[in-house]
Amino acid sequence: MDLTQAIASRRDTRHFTDEKVPEAVLNRALNAALHGPSVGLSQPCRFIDISSSCRQTLLETFSGKRLAAEDEIDDLDRLKLHRSLKLESLADAPTLLAIFCAYPQDEYTIGIIGNHRALEWSCACSIQNLWLTLTAEGYGAGWVTIFDMNMLAEKLDVPMHWEPMGILCIGKPATDYDRKPMLEQLGWRQRDLNLHQFYSSACIPGTKPDQSVL
Ligand SMILES: Cc1cc2nc3c(=O)[nH]c(=O)nc-3n(C[C@H](O)[C@H](O)[C@H](O)COP(=O)(O)O)c2cc1C
């Protein structure tokens with residue numbers, strides 16, 4: 001699979017077979033994560049394999065957060081649809097990785113003066129490398145952020161300067177969701193692939209930017 005195919009076929013996967021993820025595949029994906037760009041070469045992304053711990057507690061806090069989110073949905077049909085969506089595979093994914101952003105403690109880091117978020121963006125770059133590599137190898141991942149992140153940090157007793165980024169649920173996909181995001185396949189939201197909605201050329205001095213991207 002070439003890069004363009006991997007990018008197009010990568011899915012947020014919530015349905016897995018029970019096939020184990022070979023250690024060699026996981027290692028290659030983690031190595032790809034290490035090759036990601038990072039602000040000031042800080043390499044802040046940390047991964048902890050939690051496949052054999054925390055699952056029950058994670059699920060409980062997921063349910064609490066999910067219920068709270070439903071208070072924000074007024075429309076009854078949308079609420080019904082929302083309730084039917086599988087938004088995690090914390091119990092059934094063969095491998096679970098907890099992901100953290102380790103904020104540099106003492107040393108000066110190029111690029112984060114006044115903007116520490118660049119460290120989190122660096123983690124996102126690592127995660128995307130990992131995700132694409134899994135896809136190219138015939139595996140998949142689902143990024144879960146609906147749970148109590150502080151509980152996870154406490155439970156794993158990670159250093160105070162590690163900020164949770166979420167959980168990656170990893171395994172062999174049981175479906176390709178008709179080659180669309182699952183939320184699109186099930187009618188929650190349509191993906192927009194019209195480049196003109198997202199890109200415009202630089203504005204000429206004295207003129208206004210293209211309104212379509214504002
Ligand atoms: C930072 C981040 C957090 C996400 N958190 C969740 C989540 O908690 N539960 C979930 O079902 N999907 C989650 N997703 C997946 C998105 O819903 C998904 O990427 C989007 O619907 C597009 O689908 P695709 O990734 O298959 O293209 C998350 C994605 C990102 C990038």
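User: Which residues does Cys-125 touch, not counting residues up to four places away in sequence?
Analyst: Happy to start there, and do keep in mind that this is a predicted model. Cys-125 lies in helix α5. Leaving aside residues up to four places away in sequence, the residues Cys-125 touches are Gly-36, Pro-37 and Ser-38.

User: Is Cys-125 buried, exposed or partly exposed?
Analyst: A residue needs 20 or more other C-beta atoms within 10 Å to be buried, and 12 or fewer to be exposed. Cys-125 has 16 C-beta neighbours inside 10 Å, so Cys-125 counts as partly exposed.

User: How far apart in space are Cys-125 and Thr-145, C-alpha to C-alpha?
Analyst: Thr-145 is one of the residues around the ligand. Cys-125 and Thr-145 are 20 residues apart in sequence. In space, their C-alpha atoms are separated by 16 Å.

User: Which residues of α5 make the contact with α2?
Analyst: Helix α2 covers residues 23-34 and helix α5 covers residues 117-136, and their axes come within 7 Å. On the α2 side, the contact is made by Arg-28, Ala-29, Leu-30, Ala-32 and Ala-33. On the α5 side, the residues are Ser-126, Ile-127, Asn-129, Leu-130, Thr-133 and Leu-134.

User: How many residues of the contact of α2 with α5 are nonpolar?
Analyst: Arg-28 of α2 is among the contact residues. The contact has 1 charged and 3 polar residues. The number of nonpolar residues there is 7.

User: Is the crossing of α2 and α5 left-handed or right-handed?
Analyst: The axes of these two helices cross at roughly 145°. As for its hand, the crossing of α2 and α5 is right-handed.

User: What is the order of the strands in the open sheet?
Analyst: This open sheet has 4 strands, with antiparallel pairing. Its edge strands, each pairing on one side only, are β1 (45-49) and β3 (140-144). Neighbouring strands are turned by 30° against each other on average, direction ignored. The strand order is β1-β2-β4-β3.

User: Over how many bridges do β2 and β4 pair?
Analyst: Strand β2 takes in residues 95-102, and strand β4 residues 162-171. Phe-100 stands opposite Pro-164 in β4. The two strands pair in the antiparallel sense, and the number of bridges is 8.

User: Which residue in β4 is the bridge partner of Gly-142?
Analyst: Gly-142 falls to the edge strand β3 (140-144). β3 and β4 pair in the antiparallel sense over 5 bridges. In β4, the partner of Gly-142 is Cys-169.

User: How many of the 5 residues of β3 are buried?
Analyst: Although β3 is an edge strand that pairs on one side only, β3 is largely enclosed by the rest of the structure. That follows because the buried residues of β3 number 4 of the 5.

User: How many residues of the shell around the ligand are charged?
Analyst: The residues around the ligand include Arg-11, Asp-12, Arg-14 and Glu-88, and also Trp-143, Val-144 and Ile-146. The shell has 6 nonpolar and 2 polar residues. The count of charged residues is 4.

User: What is the phi of Gln-43?
Analyst: Most residues other than glycine have a negative phi. Gln-43 is in the loop between α2 and β1. Although Gln-43 is not a glycine, its phi is positive, at about 45°.

User: Is Cys-54 buried or exposed?
Analyst: Cys-54 sits in the loop between β1 and α3 (55-70), and has a positive phi of about 70° although it is not a glycine. The cut-off for burial is 20 or more other C-beta atoms within 10 Å. Cys-54 has 20 such neighbours, so Cys-54 counts as buried.

User: How far apart in space are Ala-8 and Pro-37, C-alpha to C-alpha?
Analyst: Ala-8 lies in helix α1 (residues 3-9), and counts as exposed because it has 11 C-beta neighbours inside 10 Å. Pro-37 is one of the residues that Cys-125 touches. Ala-8 and Pro-37 are 29 residues apart in sequence, and their distance in space is 21 Å.

User: In what order do the elements of the protein run from the N terminus on?
Analyst: Stepping back to the whole chain, the protein has 7 helices and 4 strands. From the N terminus on, the order is α-α-β-α-α-β-α-β-α-β-α.

How values were computed:
Residues are numbered from 1 along each chain as its sequence is written. This is a predicted model: local features need pLDDT of at least 70, side-chain atom pairs count only at pLDDT 80 or more; totals for chains, interfaces and linings use all residues. A residue is near a molecule or strand if its C-beta atom, placed from the backbone, lies within 6 Å of it. Ala, Val, Leu, Ile, Met, Phe, Trp, Tyr, Cys and Pro count as nonpolar, Asp, Glu, Lys and Arg as charged, and the others, Gly among them, as polar. Two strands pair if DSSP finds at least two bridges between them. Axes are lines fitted to C-alpha atoms, for helices over the stretch in contact, and angles run from 0 to 180 degrees between N-to-C directions. A crossing is left-handed if the near helix is turned anticlockwise from the far one by less than a right angle, and right-handed if clockwise. Two residues are in contact if their C-beta atoms, placed from the backbone, lie within 7 Å.
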